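Biologist: I've got a new model open and would like to go through it with you. Let's start with a strand pair and work outwards.

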Amino acid sequence: MALLEVRNLSADIPTRRGTLRAVEDVNFSISSGECLGIVGESGSGKSVTCKTILGLLGPSVERDGEAVFDGTDLLSLTEAELTRIRGRDIAMIVQDAVSALNPVLRVGGQIAEGMIEQGVVGSRSAAMARAVDLMRKVGIPSPEERARDYPHQFSGGMCQRVVIATALACGPRLLIADEPTTALDVTVQDQILALLRQLQRDLDLAVILVTHDMGVVAETCQRVAVMYAGQVVETATPAELFSAPRHPYSAALLDCVPDLDAAQAERLRPIEGLPPDLVDLPTGCRFHPRCPMATAECRSQKIPLIDIGGGRATRCIRHEDMAQPGPVSGTDSTTAEVGTA
Amino acid sequence: MTEEHAASTLPSRRLPSLMGRGRLSALVGQRTALVAGAVMISAIVLVSVMAPVISPYDPVDQDLRNALQPPSWTHLFGTDNFGRDIFTRVIYAAQVDLRIGFLCVFFPWVLGTILGGIAGYAGGVFDTLIMRTVDTFTAFPFLVMAIGVIAILGPGVTSMYIALTLAGWSMYARIVRAEVLVAKRSEYVLAARALGFSHTRIMLRHVLPNVITPTIIFAMTDIVLVILSTTTLAFLGLGLPPPAPTWGTMIAEGKSFIFTAWWMVTLPGLAIVLVGISLSLFGDGVADWLRERE
């Protein structure tokens with residue numbers, strides 16, 4: 001049974017220019033011990049989706065749909081009820097670990113604070129002892145001494161470890177990691193991902209990993225949801241996605257990733273055009289202005305998420321054409337053949 | 001060649017930084033300023049508290065046979081037109097003036113921080129209401145407001161506190177609100193919310209410690225200005241009613257005798273200068289130290 005099931009989630013953000021549909025009709029689910037990757041370019045609604053689930057956006061944001069966590073719809077809860085769930089059942093890691101820590105408080109105290117606030121430990125000293133344990137668990141050397149240090153005395157990677165310890169303090173069942181490695185360099189990034197994988201196994205944690213890095217997805221996730229312009233356009237396992245994407249956007253996104261195994265260095269193919277303006281969305285499929293396979297139907301008709309079997313889904317009416325070997329013709333067929341390459 | 005080069009660049013690099021800061025701590029060095037200021041203030045406070053032991057005279061008892069005596073070994077600072085010992089009055093006045101100076105910074109600091117914090121954190125209607133009030137108070141001339149308040153409540157310590165608190169809180173509210181607006185959007189506040197912390201906890205434990213430093217730095221300079229304001233009010237006859245000694249009232253009383261008994265105006269004035277210098281040194285030192293810590 002799924003731990004979190006998101007159904008038809010949408011979020012409208014009022015702006016001066018009009019309503020911004022940041023997230024529309026997002027569906028996914030995640031079970032304990034599973035890692036779900038959410039990929040997409042900047043502004044595709046990855047972070048907004050996570051913040052909507054936790055109710056971290058302002059009160060002016062209009063939310064719709066359901067996010068059922070362990071039998072409760074998070075969207076129907078009051079702020080006070082959500083406060084009990086945040087940190088305790090669902091924890092979140094924000095992107096920039098260095099600035100996610102309060103500069104004027106010692107790190108040990110920051111890790112302990114959540115446990116005291118949520119009442120999971122009896123006393124302050126018990127919380128501090130557990131904070132030191134957590135620091136050891138996330139791989140911070142000599143945690144007893146480091147607990148008394150301030151965040152500026154830690155490197156970026158170590159800060160991210162502290163943030164992870166803070167998130168794990170109250171024993172959450174779901175961890176939302178919003179681009180946890182984006183601000184780190186590649187070697188540290190690898191260590192942090194390894195740590196997340198290990199913790200996920202040890203604690204039977206469900207992890208939602210938001211990223212724009214396909215490599216991170218391939219390494220870490222069991223399933224992946226590709227987002228474009230506020231919608232999930234495809235869900236699959238990473239292996240399926242990489243070998244045979246069933247949505248032209250996923251295919252185009254994979255084309256932007258350099259392939260070291262290619263016999264001959266190929267030029268990367270950027271996706272033509274720009275993501276749509278979320279205040280003034282295109283009619284029909286949101287990807288059609290940039291899609292090489294777009295047909296008249298794509299331009300006029302709203303495309304639902306289609307279940308194509310084997311736990312996969314895509315928001316493309318021509319997904320069957322993409323499954324065919326050989327070039328697929330649309331108005332222009334430059335990127336379509338990559339689907340089978 | 002290198003010596004020439006060094007000689008030509010060093011002074012030009014040093015001078016602007018020294019003059020540009022234009023503060024006492026830049027001249028004497030931060031640590032020295034802090035220590036010197038602290039020592040001077042402690043000495044002043046000690047002398048004022050020990051006043052009954054140090055001086056054999058009473059600050060308000062009149063002795064008309066010894067009126068208008070110039071400074072001597074019996075009367076260090078001379079006597080005034082009622083024969084009261086000026087040195088005694090100056091050191092007794094320090095108790096009153098320093099207490100008023102400190103509290104008239106403390107009350108606006110507390111009030112401004114609370115209101116500015118609410119305006120910045122809650123936003124919306126609270127922000128509009130509080131900040132328009134701040135604008136009104138900032139635009140109001142200080143002396144007009146002080147005279148108004150003291151005219152309504154009558155002269156005395158309480159009206160002095162109220163007048164200076166009303167005049168001073170708006171700057172603190174401005175500073176705190178601006179800092180809170182920045183801190184509110186920080187990742188650590190988002191992270192704290194994601195950890196399920198209450199707004200009260202985030203405000204008091206996460207935002208407040210991060211926004212308080214600039215207000216303390218401002219308070220350090222404000223305290224000198226406030227002491228000068230209290231003497232101004234006293235000089236205008238809006239201070240504590242006589243015969244209670246304060247530096248401002250002493251100067252006001254002495255101004256008619258400035259050509260015949262210069263000590264009546266000058267020596268209390270020097271006391272104000274001395275307190276001003278020590279507070280500036282101390283305040284600059286504390287401010288530099290806090291900035292460094294940031």
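Biologist: In S5(A), which residue is the bridge partner of A:Val68?

Modeller: One caveat up front: this is a predicted model, so local features need pLDDT of at least 70 and side-chain atom pairs count only at pLDDT 80 or more, while totals for chains, interfaces and linings use all residues. Residues are numbered from 1 along each chain as its sequence is written, with chains lettered from A and ligands numbered from 1 in the order in which they are written. Strand S4 (residues 62-69) of chain A pairs antiparallel with S5(A) over two bridges (pairing takes at least two DSSP bridges; strands are DSSP runs of E, at least two residues, and helices runs of H or I, at least four, numbered from the N terminus). In that pair, A:Val68 is bridged to A:Asp73.

Biologist: Which strands stand at the edges of that sheet?

Modeller: The open sheet has four antiparallel strands, in the order S2-S1-S4-S5 of chain A. Two of them have a single partner strand each, so one side of each lacks a neighbour in the sheet: S2 (18-30) and S5 (72-73) of chain A.

Biologist: A:Asp70 and A:Ala229 both caught my eye; is A:Asp70 buried or exposed, or in between?

Modeller: A:Asp70 sits in the loop between S4 and S5 of chain A, and its phi is positive, near 50°, though it isn't glycine. Burial goes by other C-beta atoms within 10 Å, placed from the backbone: 20 or more is buried, 12 or fewer exposed, anything in between partly exposed. A:Asp70 has 16, so it counts as partly exposed.

Biologist: And how many C-beta neighbours does A:Ala229 have inside 10 Å?

Modeller: A:Ala229 is in the loop between strand S9 (223-228) and strand S10 (231-236) of chain A, and has a positive phi of about 50° without being a glycine. A:Ala229 counts as buried because its neighbour count is 24.

Biologist: Which residue in S7(A) stands opposite A:Ile93?

Modeller: S6(A) is covered on both faces, with A:Ile90 and A:Met92 buried on one side and A:Ala91 and A:Ile93 buried on the other. S6(A) runs parallel to strand S7 (residues 174-178) of chain A, joined by four bridges. Opposite A:Ile93 stands A:Ala177.

Biologist: What classes of residue make up the side of chain A that touches chain B?

Modeller: 22 residues of chain A are in contact with 15 residues of chain B (contact puts C-beta atoms, placed from the backbone, within 7 Å). Helix H2 (79-85), strand S6 (90-93), helix H3 (97-100) and helix H4 (107-118) of chain A each give two or more residues to that side. Ala, Val, Leu, Ile, Met, Phe, Trp, Tyr, Cys and Pro count as nonpolar, Asp, Glu, Lys and Arg as charged, and the others, Gly among them, as polar. By class, that side has ten nonpolar, seven polar and five charged.

Biologist: What is the radius of gyration of chain A?

Modeller: Chain A has 13 helices and twelve strands, and its C-alpha atoms fill a box of roughly 65 × 50 × 40 Å along the principal axes. The globule rule, for C-alpha atoms, is 2.2 Å times the number of residues to the power 0.38. For 341 residues, a compact globule would be near 20 Å, which agrees with chain A at 21 Å.

Biologist: How far apart are the end C-alpha atoms of helix H5 of chain B?

Modeller: H5(B) has a kink of about 25° centred on B:Ala93, the bend being the angle between axes fitted to the seven residues ending there and the seven starting there. The expected span is 1.5 Å times one less than the number of residues. For the 37 residues (86-122), that's 54 Å, which agrees with the end-to-end distance of 53 Å.

Definitions and conventions:
Two residues are in contact if their C-beta atoms, placed from the backbone, lie within 7 Å.
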